[in-house]
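Trainee: Could you take me slowly through one part of this structure, and then show me how the surroundings of that part connect to the rest?

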Amino acid sequence: MTQKHNALKMTLLATVIASAIAAPAAMAGNGTPFETRPVSTSTPAQDGARLIVQYRDGAAAPAAKLRTVNAAASRAHSARMIRSTADARQPAPTARYMRKLAVGADLLKLSHKVGKAELDALVRELSADPAVAHVEIDQMLRHTGLPQRSAPVMAQPQLVPDDQYYQQYQWHLQDTAGGINATEAWDTNAGAGVVVAVLDTGIVPHPDMDTNMLPGYDFITDSEVSRRPTDERVPGAYDYGDWYEDGECGEPVGSGSSFHGTHVAGTVAELTNNSIGMAGVAHNAQVLPVRVLGKCGGYTSDIADAIIWAAGGSVAGVPDNGTPAEVINLSLGGSGSCAAISQAAINQAVALGTTVVVAAGNSNGNAANYTPASCDDVVSVGAARITGGRASYSNYGAVVDLAGPGGGGGVDGNPNGYVWQAANDSDTSPDLGSPTYMGLAGTSMAAPHVAGVAAMIQSVVVGAGEAPKTPAEVEAILVDSARAFPATPDQPIGSGLLDAPDAIAAALGDDDDDGDDDAIPLTNKVPLGGLSGSAGSEKLYSIEVPAGARMLNVLTYGGSGNVSIYVSAGDAPTTEDYDHRSARPGNNETVRVRNPEADTYYIRVVGAAAFSGVTLQARVD
């Protein structure tokens, strides 16, 4: 269990959004390291497995659908018997119909545990059935915490704003190397009138955020996961705790409750300038808490329904959401590419005008191999440290759009390098604890910073009398307005670092500074992936060319859409004034400069149409 402290609890979070995590060793309060370990992504679906089945005839009676599954289960079981007689007395599983999901698929549950081989065989048998369009295991997504077992003594500094711990601990909101410079943005907007849904572990009462929290809903349909006495969904989003004992959840060692949802909700909209505690990004916005994670995590099927409901869509058995969210934050996930049901739910949310922000994951791996980070039409967020460099645990790759403050504890000589927000100090049930503040690190922390700024974008444009931005426009603004990394990351984590005031300026059309100082520096021969933008959007990059170079090659490739590139030496090019350009259809552009002069070369990437997942590379030979 995680140690608690009478002041603050500091924890290194791993899987904040979607993945099994492999984080570096952290340091205990006495200066000794403690082990971190990968998180299991095994699904409880193998114990009373839950299957999501999309039938070609969605209107068929449940009994007919069950016959299809039971026949496939019998065939899969017989095939297993041929291979082994060890479980000869174990009957073939039968299916129980649970419900129809909001995306139109059906959720079924097997009667008892089967081994992985038999479960995989069942999925193959069902997939081959002409009555079935698609089948997938109802995977359990989760997050986990790796504790930093220390709580520094709080001093009382001079604070702006006047929140008690803002100045000393919330580097991530300030104008620091890895922060988002929220203070400057707050002079213009703080998210008023916008609802951000936080799909997570739910929330607990906290005096520093209660008035910004809407009632919400609990979407967990398994009483063992929810710790409620019923499998039914219920109003409210109270976090009953997600602790587990040794040997549970596929883990040899137990863990205390994370109160992860409270921390994430506080990042979005913790009360600010109220003389207590800490500040939130979009502190005039409202948070709609939706509980989808509990003990051991949460099922993809529940999360998919919750996404649709949060965006204003209808879900059978649940009253319609009276406060649809303009932004959804998903600080959760698991291994594997984007699940079909998750993509279907995201598609519905985006069609309703909701921007979906997801954490890239904490496995120090390619985010394309994690869900929902790899889903289409989401804003996928990597994590930066207090220095602005890539956090060592952060997932990376072409699907990552930009980076936000994720923190990493005592890195760079700063013991307060975590992301600090509201929490509870109980190891188990919040009823046994009290409101407090907690430091966490992970892409789970980076994502709600981006979600908060997305809320500020929508608030400021509506306040200016304009129509709300579409999800694609919000994504392009966030990506295009990101500021350059202090140094090129060792792995690509998007277009740059989240910058709140620049995002607001871009949303209002005031971000017309094309000065050379805004150029993002490229490292020779190192690809920069994940470039995305809308039609007409522009981003400036630079590369230093030394004396004696024989060739400069600038190229873009991959992704979708259509980009053009403009290159000049000494000064930033425009689409009208440039030394070289490449403007072929698609994203495969190349500029070659033979015997380039020693100078700074500037590269402007322009969206001839909307584009995403493009890679830029400059090579000096």
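Mentor: Let us begin at Gly 312, which lies just after helix 7 and takes a positive phi of about 110 degrees, keeping in mind that this is a predicted model. Helix 7 itself covers residues 300–310, and 11 of its 11 residues are buried, so helix 7 is largely enclosed by the rest of the structure. Among these buried residues are Thr 300, Ser 301, Asp 302 and Asp 305, as well as Ile 303, Ile 307, Ile 308 and Trp 309.

From here we can turn to the nonpolar cores. The largest nonpolar core has 66 residues, and of these Val 453 and Leu 478 touch the most other members, while helix 9 (residues 443–463) gives the most to this core, with 12 residues. A second, separate core of 40 residues includes Ile 303 and Trp 309, together with Ala 105 and Ala 349. Looking again at Leu 478, and leaving aside residues up to four places away in sequence, we find that Leu 478 touches Val 379, Leu 402, Val 450, Val 453, Ala 454, Ile 457 and Leu 498.

Finally, there are enclosed spaces to consider, since a search of the whole structure finds 4 cavities of 30 Å³ or more. The second largest cavity holds about 50 Å³ of space, and its lining, which includes Val 479, Asp 480, Lys 539 and Tyr 541, has 5 nonpolar, 2 polar and 3 charged residues. Strand 25 gives the largest share of that lining, 3 residues. Domain 2 (165–507) and domain 3 (520–620) both give residues to the lining, so the second largest cavity lies between them.

Key
Residues are numbered from 1 along each chain as its sequence is written. This is a predicted model: local features need pLDDT of at least 70, side-chain atom pairs count only at pLDDT 80 or more; totals for chains, interfaces and linings use all residues. Side-chain values use heavy atoms; hydrogens and water are left out. Buried means under 20% relative accessible area, exposed over 50%, partly exposed in between (1.4 Å probe, protein chains only). Helices (H or I, at least four residues) and strands (E, at least two) are DSSP runs, numbered from the N terminus. A nonpolar core is a set of buried Ala, Val, Leu, Ile, Met, Phe, Trp, Tyr and Cys residues joined through side-chain atoms within 4.5 Å. Contact means heavy atoms within 4.5 Å. On a 1 Å grid over the protein atoms alone, a cavity is a set of points where a 1.4 Å probe fits but cannot get out, and a pocket is an open set with protein on both sides within 12 Å along at least five of seven lines; lining residues have an atom within 4 Å of a point. Grid points are joined across faces, edges and corners, and a volume is the space filled by probe spheres set on the points. Ala, Val, Leu, Ile, Met, Phe, Trp, Tyr, Cys and Pro count as nonpolar, Asp, Glu, Lys and Arg as charged, and the others, Gly among them, as polar. Domain bounds come from an automatic or database domain assignment.
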